[in-house]
Amino acid sequence: MGRYVLRRLLQLVPVFVGTTFLIYWLVWSLPGDRFAGKCGEKPCDPTYIAKMTEKFNLDDPLVLQYLKYLGKLLTGDFGENSSEVAIGSLINEAYPNTLRLALVALLIEAVIGLAAGILSGLRGRGFVDSLTLVSTLFLISLPVFVTGFALQILLGYELQWITPTVTDSPAPWGQLIAPGFVLGSLSMAYVARLTRTSIAENRRADYVRTAIAKGQPPRRVVGVHLLRNSAIPVVTYLGTDLGALMGGAIVTEGIFDIKGIGFLVYDGILGKDGATVTGVVSLLVVVYLLANLLVDLLYAVLDPRIRYD
Amino acid sequence: MTVESIVDSEAAGPLLAVDELFVEFRTRDGVAKVLNGVSYRVEAGETLAVLGESGSGKSVTAQTIMGILDTPPGVITGGEVRYHGENLLAASAKRRREVRGSGIAMIFQDALSALNPVFTVGFQIEEQLRVRRGMSRRDARKRAVELLDQVRIPNARDRVRQYPHEFSGGMRQRAMIAMSLALDPELLIADEPTTALDVTVQAQIMDLLREIQLDRHMGLILITHDLGVVAEVADRIAVMYAGRIVEQSDAVSLYRQPGHPYTQALLDSLPRLDLKGARLNTIKGLPPSLIDIPAGCPFHPRCPRVRDVCRTDVPPAHRPAAGRLSACHFAEELISGE
Amino acid sequence: MTDPSTAASGAAVSASEFVTGAEHVQTKPGKPRSLASDAWYDLRRRPRFIISAALILLVLLMAAWPSLFTSVDPNYADLDRSRLGPSAQAWFGYDNQGADIFARTIYGARASIVVGISATVFTVLLGGTLGLLAGYHGGWVDAVMSRVADIFFGLPFVLGAIVILSSFRATGGSSATEITLLVILSISVLSWPACMRITRAAAITAKQQDYVKAARALGASTSRIILRHLLPNILAPVLVYATIALGGFIGAEATLSFLGIGLHAPVVSWGVMIADSRDFLRIAPHTLLFPAAFLTATVLAFVMLGDAVREALDPKTR
């Protein structure tokens with residue numbers, strides 16, 4: 001197991017370097033005037049240009065620039081953005097909001113998705129099953145921003161059940177319920193369908209029949225024998241999803257005005273603030289990669305048949 | 001006509017009696033008549049082998065006894081399953097559950113899929129003791145080790161902590177047997193327990209079942225399609241064909257002089273050392289479709305002794321000789337060897 | 001649908017699970033090809049298939065000949081009727097500029113469909129080829145390709161698309177065709193790894209089949225094995241992936257337009273219309289409602305179609 005973790009961690013290194021380099025290249029070295037529009041209507045002041053060129057090593061070849069940047073990144077230094085604010089502190093302020101949002105979303109998708117999936121999987125063909133299938137298909141097809149707007153208008157402005165925008169930071173948990181639902185709605189549909197398929201497949205499994213033949217109480221047959229097996233793919237999906245949710249929060253954060261990571265990066269892109277974009281994206285990539293690794297390890301815990309050596 | 005009136009047995013209610021059981025599978029293609037009046041009984045300390053091709057209804061009978069028949073598509077349309085005289089088919093769900101495991105236990109063909117892959121073998125045995133008997137975790141563990149010892153699994157103390165996939169095929173079936181014995185059942189149903197195993201392991205498992213059955217004076221229903229497996233273990237044999245019992249007899253007489261052409265054909269299709277070099281006999285034709293069972297005797301299209309009456313009249317189960325039962329119009333001829 | 005790559009792969013995952021390097025050895029039962037005619041017979045009797053196929057045909061018709069559905073010029077705007085609600089003259093009302101929303105919605109189908117189909121074609125060609133090669137060759141070819149795929153897979157879709165689109169837009173011109181092409185390419189570049197993993201897994205499965213091993217033992221050439229034996233086996237999972245992804249990509253186009261970095265006027269697309277509506281949502285919700293409804297219905301149709309095809313191809317769900 002230890003050797004497996006080590007090997008996987010080593011495999012992450014090239015992926016991390018590759019992804020961050022890709023981003024770095026896209027952000028910093030495409031042709032065009034890097035300072036266009038940076039200083040209002042006028043062209044930028046030469047001293048400012050010189051300072052920025054110096055600060056981001058813009059005169060070096062791209063690979064060297066990137067390596068210098070990576071070196072600083074590895075010591076935990078995200079550098080400063082073009083307004084000379086430390087990016088580290090921006091991230092520090094923003095990430096709790098996104099993390100909370102992602103956790104709320106994960107909780108909602110896990111609870112509702114699992115419940116719907118279990119119900120329809122156990123009942124088989126019938127009303128609950130059709131309802132789950134149709135509503136999940138609908139959720140999958142609905143773009144997140146449409147769901148977001150619809151909920152914002154309906155619950156926020158019309159019914160006034162929720163505050164339509166979350167401007168506080170750190171965002172209060174209560175205000176994150178609707179945004180969390182929006183962010184998690186797509187994955188919720190997948191969790192429901194995955195659970196449903198998994199339960200429906202395992203329901204007729206031989207070991208379930210054995211448990212019934214043993215005279216185990218029905219609640220235990222379902223709750224212990226059936227669920228424990230059906231949960232394996234669902235739990236692993238939820239694990240990978242946490243990483244995806246962190247990255248997918250841009251649209252949701254934009255709609256509900258949540259000052260999180262997605263907001264930061266979107267702002268950075270619009271303001272052509274390369275240092276912020278590369279810093280935040282690198283961080284997200286790390287989170288995503290580690291989440292995937294954790295899921296792989298979790299898989300071995302959940303399913304004893306999988307062994308890593 | 002019921003079995004009681006034909007086969008002699010003790011007057012008091014037997015351990016298990018299956019009486020005129022009818023089961024249908026309602027599928028998209030039509031109604032398959034899977035069981036068409038199956039009757040047999042098992043006494044304590046007795047081994048009944050139920051023999052038949054796949055689709056003959058031997059496993060469905062067992063599943064109906066256990067109450068684990070998939071419904072739908074299965075529908076029980078008639079008959080009784082009496083355990084100590086109590087009709088289980090009319091019993092409450094709670095009562096049925098009580099009987100499972102502690103009264104009647106069952107083991108399956110493929111122990112790898114029948115054991116839950118994500119729990120240790122120990123957990124699955126202990127679960128019975130803890131949930132059904134209210135034993136403490138520690139007592140249950142102790143008992144689980146004893147049970148694994150009884151089925152002769154070496155290093156039982158370490159083995160309880162292992163998962164089913166870490167066991168070999170034979171060991172898994174032993175663990176399955178240990179689990180079925182946890183609540184000391186009076187009757188064990190073994191559904192093709194050795195089919196998935198190597199020949200040498202098959203013999204070991206059969207010996208183990210025989211030994212346990214004698215030790216515990218337990219009833220044993222051994223479901224198999226393999227006449228060879230049955231020979232040394234069974235006290236009585238019931239041969240099934242197209243959802244009916246076509247012959248029932250004590251094992252020795254059945255082997256000596258079969259009372260139904262189907263049994264005869266099965267025996268003839270066994271390879272024999274004394275007939276080395278001769279062509280192996282096979283049964284011509286295919287088992288009938290259960291959706292459209294032939295009129296008259298269901299075996300008549302494949303029967304070498306078919307006569308006109310077989311095509312029109314369903315042969316009643318009757319007693320061609322003492323202690324024997326056959327559903328062939330000409331059972332007497334067969335038994336007297338004409 | 002924000003992230004079509006995870007979305008579509010999540011949906012197709014049960015058809016062929018992702019396989020990692022170590023699993024090259026493992027054999028999985030594959031689908032015999034004779035399923036195809038069976039699946040077709042099964043499909044024709046599914047209401048979900050019929051409904052989604054009819055919807056898709058309708059949308060394709062709209063994209064090809066919008067004038068069949070409306071005689072109104074989608075770009076003719078009259079500020080006097082700005083944001084007027086639905087009426088007998090304009091069934092869906094007018095947008096902020098006073099253009100007819102019904103006409104714009106009909107004409108908007110073309111851009112959405114073009115982006116969806118082209119992005120799917122590119123993604124499947126790129127991901128499919130690489131996946132087939134990686135799955136067939138295994139070894140270092142597979143290792144390198146899989147790592148490259150991981151690099152692109154590590155980028156969250158919306159994030160990656162934003163970075164690519166905003167970076168390239170700063171450099172290039174911004175004619176409608178160029179932007180459409182850029183949107184198509186950035187969707188494909190970020191989505192191919194999902195398709196590659198699916199084909200790779202299917203290719204590995206197929207490679208393990210006895211008849212493929214036999215063909216190899218008999219000395220069949222690499223190209224023959226790939227074309228005759230592997231390709232038919234990966235068609236089913238790729239078909240399912242492509243159908244669902246097509247829906248996802250249409251949603252992705254809308255998301256990017258909504259974020260202000262995808263298509264924009266004078267191109268008419270559902271995403272552009274939705275983006276235009278965002279500032280007047282509270283006073284004129286119909287400007288969002290109609291394009292969003294068409295968008296959702298179209299995506300739904302493709303996802304449903306993919307779903308029905310997958311179920312028809314999967315003997316377990318019969």
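How many bridges join strand 6 of chain B to strand 7 of chain B, and do the two run parallel or antiparallel? Here are some notes on that and a few neighbouring points; please keep in mind that this is a predicted model.

1. To take the question straight away: strand 6 (residues 104-107) and strand 7 of chain B are joined by four bridges and run parallel. If you would like a place to start looking, Ile107(B) is found opposite Ala190(B) of strand 7 of chain B.

2. Strand 7 of chain B also pairs with strand 8 (residues 219-224) of chain B, again in parallel, this time through five bridges. Within that pairing, Ile189(B) has Ile221(B) of strand 8 of chain B as its bridge partner. The connection is worth a look too: strand 7, helix 8 (residues 199-216) and strand 8 of chain B form a β-α-β unit that is right-handed.

3. How enclosed is strand 7 of chain B, and why? Five of the five residues in this strand (residues 187-191) are buried, so the rest of the structure largely encloses it. The side chains alternate in a way you can follow by eye: Leu187(B), Ile189(B) and Asp191(B) point one way, Leu188(B) and Ala190(B) point the other way, and all are buried. Do note that Asp191(B) is one of those buried residues.

4. Elsewhere in chain B there is an open sheet of four strands, in the order 2-1-4-5, with antiparallel pairing. Its edges are strand 2 (30-42) and strand 5 (86-87) of chain B; each has a single partner strand, so one side of each has no neighbour in the sheet. Strand 1 (residues 16-27) and strand 2 of chain B run antiparallel and are joined by 10 bridges, with Ala17(B) opposite Arg41(B) of strand 2. Packed on this sheet is helix 1 (residues 58-66) of chain B, which touches strand 1, strand 2 and strand 4 (74-83) of chain B. The direction of helix 1 of chain B makes about 110° with that of strand 1 of chain B.

5. Turning to chain A, you will find domain 1 (2-74) and domain 2 (97-302). Their C-alpha centres lie 33 Å apart, and 14 residues of domain 1 of chain A are in contact with 13 residues of domain 2 of chain A. On the domain 1 side, helix 1 (residues 2-28) of chain A gives the most, with 11 residues. By character, that side of domain 1 of chain A divides into 10 nonpolar, two polar and two charged residues.

Terms used: Residues numbered from 1 in each chain as written. Chains lettered and ligands numbered in written order. Predicted model: local features only at pLDDT ≥ 70, side-chain atom pairs only at ≥ 80, totals over all residues. Pairing = 2+ DSSP bridges. Contact = placed C-beta atoms within 7 Å. Axes fitted to C-alpha atoms, helices over the stretch in contact; angles between N-to-C directions. Domains from an automatic or database assignment. Nonpolar A, V, L, I, M, F, W, Y, C, P; charged D, E, K, R; others polar. Buried ≥ 20, exposed ≤ 12 C-beta atoms within 10 Å, placed from the backbone. Right-handed = clockwise from strand over helix to strand, strands pointing away.
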